[in-house]
Protein chains: 2
Amino acid sequence: MCAKKVTIREVAKRAGVSIATVSQILNGKAMKFDPLTVQKVQAARDELGYEADHLARQMVGKQSKTIGILVPEITNSFFSTLVKGIEEELLHSGYISMLCNGGFNGAKEEKALLELAQRGVDGFIIASPSISDEVLKEILQIKKRPVIVLDQKTTVERSDEVATDDFNGGLLAAQYLKKMGHTKVAVVVPDLATVNIMHRLQGFLVEFPQALQLKTELSKNGGQAVVAELLDQKIEAVFALSDELAFGIYLGMRQNDKSVPDDLSVIGYDDVEMCRYVTPALTTVAQPIYELGKQAADLMVKRLADPTSPYVKRILPVELAIRGSVKVKI
Amino acid sequence: MCAKKVTIREVAKRAGVSIATVSQILNGKAMKFDPLTVQKVQAARDELGYEADHLARQMVGKQSKTIGILVPEITNSFFSTLVKGIEEELLHSGYISMLCNGGFNGAKEEKALLELAQRGVDGFIIASPSISDEVLKEILQIKKRPVIVLDQKTTVERSDEVATDDFNGGLLAAQYLKKMGHTKVAVVVPDLATVNIMHRLQGFLVEFPQALQLKTELSKNGGQAVVAELLDQKIEAVFALSDELAFGIYLGMRQNDKSVPDDLSVIGYDDVEMCRYVTPALTTVAQPIYELGKQAADLMVKRLADPTSPYVKRILPVELAIRGSVKVKI
DNA sequence: CTGAAAGCGCTAACAC
DNA sequence: GTGTTAGCGCTTTCAG
């Protein structure tokens, strides 16, 4: 099942041709050869189960069939789902993922990216807000390898893009809250706001222009930290720009002996798996996270296959997942 | 910051020696050279910021400084935390991670492993119950690369090991339940029981030899599925062999309009981050998951540095994290 | 002590 | 059409 290591030379010998011929034929240039030779080579390849060594191939400047992935926090359900989507699609296309966890730390991310670049990855999929534009540009320009960024501070020119319809997501959340009769609403926004998150906010503000905006860290802790203020201000309903934030709010409420949704309605964003398992189940704006990862990977593979094709941008739809964390105001 | 790509040749030229000399000196054989030459070479290396190309080096049969990681489901909090620990420790030591998601699918895992092997990883860290022993042996024997398995069906001979004190964890859970006055208890065990999970069970059974054992899938769904039976049997307290299972039970209880812990006490295993955020917060046996990953990575790095050192086994302690899901029986 | 030379497995010009 | 040759960047005998 897993022979020692069959080289191109053996295939050549077996087929009675030179290694160059084998290389050519096996790399798409088959039509320039005598059909008979092609036959022999392919037969030999199959019989020996030969597969080109990615590493050797890479040394001569070809693809390594490896993609570098950078996420800030794999531990976060959003990112792990994303990575899963990327990884599965990539593996399916014969690529493999090199994963790095940036930890929301610019320096570490840069190091990771460099390490990845040095490893000769064919492209990067970067989903991390704290990576600086300059570093990104450097990678992109100097290394000339395609990059796809997700969840980024700014958009990189000259790259493909996948995103979800963030503006609409924010709008959906607002409309729902309004429909449920809420007027005194707040929105909790992260310090480190990425463009996509800003879009959500903008969508939300269309319906609630003067919603109270609470800044905090984009994490469970951040959500927890904001509860006191929410309670002080007698807010009725809060829009958490991520489910993580919402989970933190849940905890904060419980610590204050208050109930969701009786004392405060909360609506989240992302639709992470745990939404269904917290009590009450979290009403949230569902993004197709896994799909987002798959699409990013797909775009990357396509780009690598045809580097000159025009850049594309794909927007994935979002929808409201109504569960139990928003009550109708009587 | 990221020079074009400085090769060994440039360093050699700069130092006024041959590339062979540079290679030797930079690879530990410095003492066999004239101190002056060593000086010059190191100076040149530093000035140019030279670093050997991992790929080229690998081609000549050296290390690739890359470790393959296989997990069944990165989306699962346990595994993502584990991966984070591995990844961080590895990056710290100059290694990089190639991640594959097995999806609890033997065939896919095998493919991933092969792909990883072909990529020339220096070693494998495998945390996946469904990988077969034969495949594992093959990797280990044919490729002769070190493997560390976690959460495995069986233990591989001739490898280092890290594990947590599963037996004690089960015992701890049982003792706590007993202390809280429960007698009619159940334990929900996964179909696909790995050795470590069996140890937990054994520890638990020491205190509750005739606990009701419910078999199900090791997942949230599995937990949910088992609730009806739990209720039918009028169980007072249940030990879920993983937090995932416990979360499923929470949902199942809610769907039956029953309360945790009033109608059923539940204790989990793992201490995943969400334990604190569900309602009630989940009492569980805490394993140092992140640390487990770090240790596995550390062991791997050490093994690679000194392949002949004796195999070691590290056992990490577990402890009870008491929260709100177990009530004292009056 | 140090350097020349032979590859590792593969691809790409350029001859034949 | 197909083989020859020259590397990619590095390590490693093996002479000198």
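Which backbone N or O atom lies 3.0 Å from a phosphate oxygen of DNA strand C? That atom belongs to Asp34(B), and the pair is a polar contact, meaning two N or O atoms within 3.5 Å.

Before going on, I should say that this is a predicted model, in which local features need pLDDT of at least 70 and side-chain atom pairs count only at pLDDT 80 or more, while totals for chains, interfaces and linings use all residues. Residues are numbered from 1 along each chain as its sequence is written, chains are lettered from A in the order in which they are written, and side-chain values use heavy atoms, leaving out hydrogens and water.

Staying with the DNA, a polar side-chain atom of Thr21(B) is 2.7 Å from a phosphate oxygen of DNA strand C, and the side chain of Tyr50(A) places an N or O atom 2.7 Å from a phosphate oxygen of that strand. Around DNA strand C there are 25 residues, where being near means having a heavy atom within 4 Å, and Tyr50(A) and Thr21(B) are among those that come nearest. Of the strand's atoms that come within 4 Å of the protein, 71% are sugar and phosphate.

Now to the rings in chain A, where ring pairs join Phe204(A), Phe208(A), Phe239(A) and Tyr269(A) into a cluster; rings of Phe, Tyr and Trp (its six-membered ring) pair if their centres lie within 6.5 Å. Lys178(A) lies over the face of Phe208(A), 5.1 Å from the ring centre, and the charged end of Arg200(A) is over the ring of Tyr269(A), 3.9 Å from its centre. For this, NZ of Lys or CZ of Arg must be within 6 Å of the ring centre and within 35 degrees of the ring normal.

How values were computed:
Phe/Tyr/Trp six-rings, centres within 6.5 Å; stacked < 30°, edge-to-face > 60°. Polar contact = N/O pair within 3.5 Å; in protein donor to acceptor, adjacent residues only side chain to side chain.
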